[in-house]
Amino acid sequence: MLSEAYRIAEQILNSKKTCVLTGAGISTESGIPDFRSPGGIWSRFDPYILSRQALEAEPERFFTEGLALLKEINGIKNKQPNKAHYLLAKLEQQGMVSCIITQNIDGLHQKAGSSRVLEVHGNLNQAYCMQCRQQFDFNYLLDLSQTEVPPRCACGG
């Protein structure tokens, strides 16, 4: 096993572009439950509800049920990065990691100091209009959804 770790380290050191892929496992040590494990988020919520398909087919349900879930998990914004997040940030700063691609919406890579992070599933900081692409603070979307379901952009989208 140790020789395998050395081989991986050697490949990273010799690489011109190393991209790191992360998912829920990296953030569980920070106290964020993953979505798929027993007792995880999807054992209490229907995963379909946060899909683009649900948004387009059932916008009212998406915003009533989906935003209830997002409000519940919005508390993860207060969580702190762990050693793995800080290690990846350090590797990026030293030029050994070119970017991080993550499924996580928690922002912990950025809190740890990583600057080149691609968030596959978005984040809890920004929302955008699917029609005009205007960006909004995520909390604005949560507030707006209290009075208008589904919430509408000024463009009508």
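**A walk through the strands and helices**

Let's begin with the strands of this model, which is a predicted one. Strand 2 runs parallel to strand 3 (residues 117-119), and the two are joined by three bridges. Within that pairing, T102 sits opposite E119 of strand 3. Strand 2 (residues 99-102) also pairs with strand 1 (residues 19-22), again in the parallel sense, this time over four bridges. Here T102 turns up once more, as the bridge partner of T22. If you find T102 on your screen, you can therefore step from it to T22 in strand 1 and to E119 in strand 3. As you look along the strands, keep a general rule in mind: in a regular strand the side chains alternate between the two faces of the sheet.

From the strands we can move to helix 4 (residues 83-93), where H85, L88, A89, L91 and E92 are buried. These residues cover an arc of only 160° around the axis, so they lie on the same side of helix 4. An α-helix has 3.6 residues a turn, so residues three or four places apart point the same way. What does the buried side of helix 4 pack against? Its buried residues meet strand 1, strand 2 and helix 5 (108-112). On the other side of helix 4, K83 and Q93 are exposed.

The two ends of helix 4 are worth a look as well. At the N-terminal end, N82 acts as a cap, with a side-chain oxygen 2.8 Å from the backbone nitrogen of A84. Just after helix 4 comes G95, which has a positive phi of about 80°.

Next, turn to helix 3 (residues 59-73). Its 15 residues should span 21 Å at 1.5 Å a residue, and the 20 Å between its end C-alpha atoms agrees with this. Where is the kink in helix 3 centred? The answer is G66, where the kink is about 25°. G66 is also among the buried residues of helix 3, together with F62, F63, L67, L69, L70 and I73. The cover over these buried residues includes helix 2 (52-57) and helix 6 (138-144).

Helix 2 brings us to a last stop, R52, which is located in that helix. Is R52 buried or partly exposed? Its relative accessibility is 45%, so R52 counts as partly exposed. Leaving aside residues up to four places away in sequence, R52 touches Y128 and M130. Between the C-alpha atoms of R52 and I105, which are 53 residues apart along the chain, the separation is 16 Å.

Notes: Residues are numbered from 1 along each chain as its sequence is written. This is a predicted model: local features need pLDDT of at least 70, side-chain atom pairs count only at pLDDT 80 or more; totals for chains, interfaces and linings use all residues. Side-chain values use heavy atoms; hydrogens and water are left out. The expected span of a helix is 1.5 Å times one less than its number of residues. The bend at a residue is the angle between axes fitted to the seven residues ending there and the seven starting there. Buried means under 20% relative accessible area, exposed over 50%, partly exposed in between (1.4 Å probe, protein chains only). Contact means heavy atoms within 4.5 Å. Two strands pair if DSSP finds at least two bridges between them. The arc is that of the directions from the helix axis to the C-beta atoms. A polar contact is a pair of N or O atoms within 3.5 Å; within protein, one must be able to donate a hydrogen and the other to accept it, and residues adjacent in sequence count only if both atoms are side-chain atoms.
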